[in-house]
Structure formats: structure tokens, C-alpha cells
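Reader: I would like a close look at one part of this model, taken slowly and with its surroundings explained. Please keep the account connected, so that I can follow it with the coordinates open beside me.

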Amino acid sequence: IETDLLFFTPSGRGIAWFVSIEPDFTSHEEYYMKIGNYIVNRYNLPVECFDVSCKDICRATFISHDLECFINPKYLSL
């Protein structure tokens, strides 16, 4: 999974991780849960680290206040 954008949330207690997904008939919620399961299992994290309430597409984040956010270099030359 390639990171497109990564930053601390406004509360400072979490991170927002943006990844590109292939368009198909899978719902946002299903993609979100699959990526969350991947993170928990891949990095051996407690499931509580993954905020399932964010599976609701209405909670999408579009702006960062994190001046040290990571932006994938492939987007910096656009």
C-alpha cells in the first residue's frame, strides 16, 4: 500500500493516512475495514488503535494543520 498523504489529526491523538484505491464496486466502508485489518495485522497493533467510526465516508478529512505532513513526492511535481 503506497502512502499518498500522512499527517497527525487536529486532536494530535491519531493520524490520517491517505492511500489510493482502485475504483470498483467495493464500498468505501469495505475498503476502510480491509486497510484497517491490514494495519492491525501487519504491524501487530491492538485493534483499538484503529478507529472504526471513521469508516463513515461523511467523516472524511481533507485538510491538514500538520506542517510536517508527508506528501508523496510524486505529487510535488504536479
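Reader: How many residues line the largest pocket, and which of them lie nearest its centre?

Author: The model is a predicted one, and what follows should be read with that in mind. The lining of the largest pocket is made up of 36 residues, and those nearest the centre are Ile15, Ala16, Trp17, Tyr32 and Cys54. The volume of this pocket comes to about 1,200 Å³. By residue class, the lining consists of 22 nonpolar, eight polar and six charged residues.

Turning to where the lining comes from, both β2, which spans 15–19, and α1, which spans 28–42, contribute at least two residues each, and it is α1 that gives the largest share, with eight residues.

These elements belong to a chain with one helix and three strands, arranged along the sequence in the pattern β-β-α-β. The three strands make up an open sheet whose order is β2-β1-β3, with antiparallel pairing. Because β2 and β3 (70–71) are the edge strands and have a single partner strand each, one side of each has no neighbour in the sheet. The strand β2, which helps to line the pocket, is therefore one of the two that stand at the edges of the sheet. Its pairing with β1, residues 3–8, is antiparallel and runs over five bridges. One residue links this pairing to the pocket: Ile15 of β2 is the bridge partner of Phe8, and Ile15 is also among the residues that lie nearest the pocket centre.

Since Cys54 is listed near that centre, the cysteines deserve a word. With a disulfide taken as a pair of cysteine sulfur atoms within 2.5 Å, the count for this model is zero. Two other cysteines can be placed by accessibility: Cys58 has a relative accessibility of 70% and so counts as exposed, the threshold being over 50%, whereas Cys69, at 26%, falls between the limits of 20% and 50% and therefore counts as partly exposed.

For the chain as a whole, the C-alpha atoms fill a box of roughly 30 × 30 × 25 Å along the principal axes. Of its 78 residues, 14% count as buried. Among contacts with a separation of 6 or more, 41% are between residues 24 or more positions apart.

Technical notes
Residues numbered from 1 in each chain as written. Predicted model: local features only at pLDDT ≥ 70, side-chain atom pairs only at ≥ 80, totals over all residues. Heavy atoms only, no water. 1 Å grid on protein atoms, 1.4 Å probe; cavity = no way out; pocket = protein on both sides within 12 Å on 5 of 7 lines; lining within 4 Å. Points joined across faces, edges and corners; volume = space filled by probe spheres on them. Helix = DSSP H or I, 4+ residues; strand = E, 2+ residues; numbered from the N terminus. Nonpolar A, V, L, I, M, F, W, Y, C, P; charged D, E, K, R; others polar. Pairing = 2+ DSSP bridges. Buried < 20%, exposed > 50% of the residue type's maximum accessible area, 1.4 Å probe, protein only. Contact = heavy atoms within 4.5 Å.
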